[in-house]
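This report walks through one protein chain for a reader who has the sequence and the structure at hand. Please keep both in view while reading.

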Amino acid sequence: MELTGSALSYLLDFLCGRSMPDSGVEYPYRVSDGQRERLRIGYVADKDKWEHYDIVFVPSGFFDSEDYASEASLPTGPLPRIEGVPFLYGEARLERLDGCLAVYADLPASAFVLLSRYEEICRPSVRDGHGRFPGKESLLYRNGLIERALVDEYRDLVWKWAAGLGFRLPECRPGFGKIWLTHDIDAPFYCRGLRAFARESLKGKGVGVALRWACGPKEKDPYYTFDFFCRTDNAVARSASCPVQAVYFLKAGGTASQDRPFYNLKSRDMQGLISFLRAQGAVFGLHGSYSSGKDGKGCVQEKAMIEDALQEKTFRFRQHFLRSCEPSAFACLEENGLWEDFTMGYADVAGFRLGTSRAVRWINPYTGELSELILHPLLVMDNTLYQYMEMGYEESQACCERLLGEAYRHGGDACLLWHNSSVAEGPYPAAPVDWIRKLYADLCRELKSWQNK
Ligand SMILES: [Zn+2]
């Protein structure tokens, strides 16, 4: 498999610190005869060509290997380290030549594997009951690296080597690039309409309460926690020194039982909710159904549905259950104009699924092409903490702080996912755990003070 020219140059750009054209971070540079010369970085085996570069990564043979896309191509055993930073391919060796530094640690291949979800195509039989690649099976988790933004550490190494060659470094102070406060609306309401009223009445919890929920103002429904989110999210935005955006992901279809409850985006309740959130500065994305997560195909119809209900173009996307089963589903998103994906965290473990805290364009591991699709790393989902990792408040808070701290240190993004239903307040129906609402409020308070550091 060969990376296309644009994919390779993007990958090298990313390793130099430039993730997006408008990220504001430029290459390391030096000034010669009054001209800025940017660091020349190459990925070339032919020694005769090395003189054209300041830093050359020597290919390890990963991309040319016959084992490409098979499990045999994945590293086994402890990972080698260069200057203390683990990498996946090549050797921990640097060679200083005339005016050029040759790096035998194959950081481009290592970064590619992490950023593209390559290991998931190598191990197609390793999936959980929902068809997802489990975080605990990942190279990063098994090597104790899931809480490290490893590819961002590769950038730091490149900068350190560039500085050693006399280059000046672009300014990159610690701080978040952007804060994404995101909410998946799996169930907008607990008990609205006649059917829900009947269900609750049969449970014997009190006809009066059920009647009030079902027929009273929607704001009285236990799952209507949107005031809390808007208040909390807008307080972060007000004190921010970086852009902050609240995003609500709405379902628009699906046929699986996991897609229940189905809701109608054009109903009066939902239209009222959408207007309210919009007025509060929130934006929307499509919450792709469980059934479309298998191969991404159902997203076409769902995109049309949500655009009709919102009366606007929708390009943000997150799969329900984080059920993005195969990397090939990304190609489907791209084809259909869903250009910004927010699914890339693991359900079973919080951390850096892509090995970076920065938004990154997807490189298709089947074809080597650079996609238009932008992947926004998801740091943590609420139920990952209490359901999958079975942690309590204190452990969860410490875990989130470590992850946010890592993103902050690398100038990356902070993306949190909290559901409206998980912060519902009692007495009935109570949230699954009673501290997840407090944790969100506490993390948001911390985000504010972090930004002002
Ligand atoms: Zn969901």
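In this predicted model, Gly 42 stands opposite Val 56 in strand E4, and this pair belongs to the place where E3 and E4 (residues 55–57) run alongside each other in the parallel sense over 3 bridges. Both strands are part of an open sheet of 4 strands with mixed pairing, whose order is E3-E4-E8-E7. Strand E3 (41–43) and strand E7 (90–97) have a single partner strand each and stand at the edges, so one side of each is left without a neighbour in the sheet. From one strand to the next, the twist averages 20°. Helix H5 (residues 150–164) packs on this sheet, where it touches E3, E4, E7 and strand E8 (100–105), and the direction of H5 makes about 140° with that of E4.

A second open sheet has 9 strands, again with mixed pairing, in the order E14-E15-E13-E12-E11-E10-E9-E17-E16. Here E14 and strand E16 (380–381) are the edge strands, each with a single partner, so one side of each is left without a neighbour in the sheet. Helix H1 (residues 5–16) packs on the sheet by touching E14 and E15, and its direction makes about 145° with that of E14.

How many of the 6 residues of strand E15 are buried? In strand E15 (residues 370–375) 5 of the 6 residues are buried, so the strand is largely enclosed by the rest of the structure. Strand E14 (residues 360–363) pairs with E15 in the antiparallel sense over 3 bridges, while strand E13 (residues 340–341) pairs with E15 in the parallel sense over 2 bridges. The table lists residues that stand opposite one another in these pairings.

| Residue | Partner in E15 |
|---|---|
| Asp 341 | Leu 375 |
| Ile 363 | Leu 370 |
| Arg 361 | Ile 374 |

The hairpin of E14 and E15 has 6 residues between the strands, and within this hairpin Gly 368 takes a positive phi near 80°.

That value leads on to the backbone angles of other residues. Most residues other than glycine have a negative phi, and most peptide bonds are trans. Asp 33, which is not a glycine, nevertheless has a positive phi of about 50°, and its place is the loop between strand E1 (29–32) and strand E2 (35–38). Ala 69 is also a residue other than glycine with a positive phi, in this case near 75°, and it lies in the loop between E4 and strand E5 (81–82). Is Asp 33 buried or exposed? With a relative accessible area of 79%, Asp 33 is exposed, whereas Ala 69, at 31% relative accessibility, counts as partly exposed. A cis peptide bond, with omega about -5°, joins Arg 260 and Pro 261, and Pro 261 is found in the loop between strand E10 (244–250) and helix H9 (268–279).

Helix H7 (residues 207–215) shows how a helix can have two faces. Its buried residues are Ala 210, Trp 213 and Ala 214. Seen down the axis of H7, these buried residues fall within an arc of 95°, so they line one face of the helix. An α-helix has 3.6 residues a turn, so residues three or four places apart point the same way. The buried residues of H7 pack against helix H6 (193–202), while the face of H7 turned away from its buried side carries the exposed residues Arg 212 and Cys 215.

At the level of the whole chain, the domain assignment gives domain 1 (5–164) and domain 2 (179–188 + 223–451). The centres of domain 1 and domain 2, taken over C-alpha atoms, are separated by 28 Å. Their contact takes 41 residues from domain 1 and 42 residues from domain 2. Between them the two domains bury about 3500 Å², with 54% of it on carbon and sulfur atoms. Which three residues supply 22% of the area that domain 1 buries against domain 2? They are Arg 117, Arg 132 and Glu 147, which supply more of that area than any other three residues.

Technical notes: Residues numbered from 1 in each chain as written. Predicted model: local features only at pLDDT ≥ 70, side-chain atom pairs only at ≥ 80, totals over all residues. Heavy atoms only, no water. Buried < 20%, exposed > 50% of the residue type's maximum accessible area, 1.4 Å probe, protein only. Arc of directions from axis to C-beta. Contact = heavy atoms within 4.5 Å. Pairing = 2+ DSSP bridges. Axes fitted to C-alpha atoms, helices over the stretch in contact; angles between N-to-C directions. Domains from an automatic or database assignment. Buried area = accessible area lost by both parts, 1.4 Å probe.
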